[in-house]
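Visitor: Could you take me through this structure? I would like to start with the overall fold and then turn to particular residues.

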Amino acid sequence: MEYSDEERVTNIFKINIVTLYYLPLSNMYSLTKKYTIMENSSAGLSQIQTILKFTYGLVPIVAGADKFTNLLTNWSDYLNPAVAAMLPFSAATFMLIVGVIEIIAGLLVFIDAQKGAYLVSAWLVLIALTLISSGKYLDVAVRDIVMAIGAYSLAEISKIVKTRKHQ
């Protein structure tokens, strides 16, 4: 079937009109769908962040407070003897200082989750390294490394959540 030049132009015009009409609708649906998915993933990340924030905020506060009571354990037992020998004060005094630092780190997680979680992560790695270097409590060292990874994850999730809030 042969089309005249006029019919060809008319058909092209009709196709473009239909394309212009339907294309924005399909793009709008796609954008709406992408926004809904992003909104849902942001809500999911916020929930995960909240759970991790309570975990890595409360645990250091409780552990730090327990340095003053030794109800959970005798914290001085975990101190590397080589480190204890270098201290200008008793192991018990050192543990009180550690307790204050842990309480501050836990509070910082609640104030600024990203910064606090980086601090808690680094603190847990340092604890694990001192335990490994002492050759004792290696199971606790492994647990602290795993917890450090979780705290680091909280810091990274907090960075994403903060970025999405500012978009």
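Guide: The exchange below goes from the overall fold to single residues.

Guide: This is a predicted model, in which local features need pLDDT of at least 70, side-chain atom pairs count only at pLDDT 80 or more, and totals for chains, interfaces and linings use all residues. Residues are numbered from 1 along each chain as its sequence is written, and side-chain values use heavy atoms, with hydrogens and water left out.

Visitor: How many helices and strands does the protein chain have?

Guide: The protein chain has five helices and zero strands; helices (H or I, at least four residues) and strands (E, at least two) are DSSP runs, numbered from the N terminus. Of its 167 residues, 26% count as buried, where buried means under 20% relative accessible area, exposed over 50% and partly exposed in between (1.4 Å probe, protein chains only).

Visitor: Which elements have the lowest and the highest mean pLDDT?

Guide: H1 has the lowest mean pLDDT, 69, and H3 the highest, 97; pLDDT is the predictor's confidence in each residue, from 0 to 100. For the protein chain the mean is 84, and 75% of the residues reach 70 or more.

Visitor: Where does pLDDT stay under 50?

Guide: That happens over residues 17-21, for which the model has one contact beyond four places in sequence, a contact being heavy atoms within 4.5 Å. Where pLDDT is low, the predicted coordinates should not be read in detail.

Visitor: Now helix H5. What should its span be, and how far apart are its end C-alpha atoms?

Guide: Helix H5 covers residues 138-165, and at 1.5 Å a residue its 28 residues should span 40 Å; the end C-alpha atoms are 41 Å apart, which agrees. The expected span is 1.5 Å times one less than the number of residues.

Visitor: Which residues of H5 are buried?

Guide: Among them are Val140, Ala141, Asp144, Ala148, Ala151, Leu154 and Ala155. An α-helix has 3.6 residues a turn, so residues three or four places apart point the same way.

Visitor: And serine 121, buried or exposed?

Guide: Serine 121 counts as buried, because its relative accessibility is 10%. Serine 121 lies in helix H4 (residues 113-134) and touches Ala148, Ala151 and Tyr152, not counting residues up to four places away in sequence. A polar atom of its side chain lies 2.9 Å from the backbone oxygen of alanine 148.

Visitor: A change of topic: how many aromatic pairs are there?

Guide: A search of the whole structure finds four; rings of Phe, Tyr and Trp (its six-membered ring) pair if their centres lie within 6.5 Å, with planes under 30 degrees apart counted as stacked, over 60 as edge-to-face and the rest as tilted. Phenylalanine 54 and phenylalanine 110 have ring centres 5.7 Å apart and planes at 65°, so this pair is edge-to-face. Phenylalanine 54 lies in helix H1 (residues 5-66) and phenylalanine 110 in helix H3 (residues 91-111), so the pair ties together parts that are 56 residues apart in sequence.

Visitor: Which residues do ring pairs link into a cluster?

Guide: Trp75, Tyr78 and Tyr137 form that cluster. In addition, the charged end of lysine 67 sits over the ring of tryptophan 75, 3.5 Å from its centre; for this, NZ of Lys or CZ of Arg must be within 6 Å of the ring centre and within 35 degrees of the ring normal.

Visitor: Where is tyrosine 137 placed, and what is its phi?

Guide: Tyrosine 137 is in the loop between H4 and H5, and its phi is near 55°, a positive value in a residue other than glycine. Most residues other than glycine have a negative phi.

Notes. Polar contact = N/O pair within 3.5 Å; in protein donor to acceptor, adjacent residues only side chain to side chain.
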